[in-house]
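Let's take a walk through this one together. Have the coordinates open and we'll go from one region to the next.

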Amino acid sequence: MPGNKLATIKRILTYIHDKIRHDGQNGNPKGGNNSINFAEACKDGSRGLNCRGLATVLNECYLSMGIPSRVITCMPKTYINDCHVINAVYSSTLDKWLWIDPTNNAWVTDELGNLLSVQEVRAHLRNGQPVRVNEEANWNNEKKTTTEDYLYEYMAKNLFYLESWTRYGFNTESDRENLINYIFLQPTGCDSEERNPRNYSVNDDRYFWQAPQQAKN
């Protein structure tokens with residue numbers, strides 16, 4: 001049933017959130033940027049991962065289950081010392097890339113409880129429409145993540161432009177044999193292509209958020 005597939009997405013999110021703590025003050029383990037290396041380094045509980053590390057582990061877990069997933073770097077207009085990384089997980093039932101955040105065990109809904117995509121969250125915040133984080137959302141099972149602090153104060157500034165990979169698989173970010181390409185979703189007039197001439201910059205939401213082929217969930 002469709003509801004069970006959405007529940008699976010949430011269960012995998014919470015499992016990774018509970019198994020590996022968030023540690024944004026330190027770098028991720030040396031070695032491959034992949035779920036096996038990262039999980040092995042964290043399994044004794046002596047260390048955690050930053051938001052990108054957590055999103056990488058969760059991304060590969062979803063992919064291993066046949067669930068399309070992307071790592072999304074959420075960037076402010078002017079980068080100083082902070083951004084945030086989440087996952088976009090595709091639901092063919094809802095036909096959209098759902099907002100999934102392993103740092104905060106979070107997903108986002110509208111005022112009626114409908115799950116929102118990353119694209120929809122951006123639009124809702126831009127247009128002043130209500131958004132809500134789920135009641136279970138928290139940081140390291142120590143501090144509740146609230147809608148006001150998380151969405152309106154923190155994430156609103158980090159959604160000026162988005163960065164993602166053009167392909168997804170195991171060890172994508174550290175696979176130097178197949179060079180990494182990124183795609184940026186940016187407002188018209190904003191261009192970050194200078195980061196790497198091999199990257200792509202677009203301002204078309206529909207292109208950036210197009211459905212994956214042969215989605216499984």
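Leaving out residues up to four places away in sequence, which residues does Asn105 touch? They are Leu13, Thr14, His17, Asn134, Glu136, Ala137 and Asn138, where contact means heavy atoms within 4.5 Å. Before going further, some ground rules: this is a predicted model, in which local features need pLDDT of at least 70 and side-chain atom pairs count only at pLDDT 80 or more, while totals for chains, interfaces and linings use all residues. Residues are numbered from 1 along each chain as its sequence is written, and side-chain values use heavy atoms, with hydrogens and water left out.

Back to Asn105, which is in the loop between S3 and strand S4 (108-109); helices (H or I, at least four residues) and strands (E, at least two) are DSSP runs, numbered from the N terminus. Asn105 counts as buried because its relative accessibility is 3%. The cut-offs are under 20% relative accessible area for buried, over 50% for exposed and partly exposed in between, with a 1.4 Å probe and protein chains only. One of its partners, Thr14, makes a side-chain to side-chain polar contact with Asn105 at 2.9 Å. A polar contact here is a pair of N or O atoms within 3.5 Å; within protein, one must be able to donate a hydrogen and the other to accept it, and residues adjacent in sequence count only if both atoms are side-chain atoms.

Now for the greasy parts. A nonpolar core is a set of buried Ala, Val, Leu, Ile, Met, Phe, Trp, Tyr and Cys residues joined through side-chain atoms within 4.5 Å. The largest one has 26 residues, and those with the most contacts inside it are Ile72, Trp99, Tyr150, Leu159, Leu162, Phe208 and Trp209. At least two residues of this core come from each of strand S1 (69-75), strand S2 (84-91), strand S3 (96-100), helix H4 (118-127), helix H5 (147-155) and strand S9 (182-185). A second, separate core has 19 residues, including Leu13, Val57, Leu98 and Leu115.

Tyr150 is a good place to zoom in. Ignoring neighbours within four places in sequence, Tyr150 is in contact with Ile86, Trp99, Asp101, Asn104, Ala106, Val133, Thr145 and Met155. Phe208 has a charged visitor: the charged end of Arg70 sits over its ring, 4.6 Å from the centre. Arg70 also lies over the face of Trp97, at 5.1 Å from the ring centre. For both, the test is that NZ of Lys or CZ of Arg is within 6 Å of the ring centre and within 35 degrees of the ring normal.

Next stop, helix H3. Its residues 51-64 make 14 in total, which at 1.5 Å a residue should span 20 Å, and the end C-alpha atoms are indeed 20 Å apart; the expected span is 1.5 Å times one less than the number of residues. H3 is largely enclosed by the rest of the structure, because 10 of its 14 residues are buried. Among them are Cys51, Val57, Asn59, Glu60 and Tyr62. At the N-terminal end, Asn50 acts as a cap, with a side-chain oxygen 3.1 Å from the backbone nitrogen of Arg52. Just after H3, Gly66 takes a positive phi of about 80 degrees.

What does Asn34 contact, leaving aside neighbours within four places in sequence? Thr56, Glu60, Phe170 and Asn171. Asn34 sits in the loop between helix H1 (2-19) and helix H2 (35-42), and it is buried because its relative accessible area is 7%. The side chain of Asn34 makes a polar contact with that of Asn171 at 2.8 Å.

Asn171, in the loop between strand S8 (161-165) and S9, has a backbone quirk. Most residues other than glycine have a negative phi. Phi of Asn171, though, is near 65 degrees, a positive value. Asn140 also has a positive phi, about 55 degrees, although it is not a glycine; you'll find it in the loop between strand S6 (138-139) and strand S7 (143-144).

For a last look, head out along the loop between S1 and S2 to Thr78, which counts as exposed because its relative accessibility is 58%. Thr78 and Asn158 are 80 residues apart in sequence and 9.5 Å apart in space, C-alpha to C-alpha.
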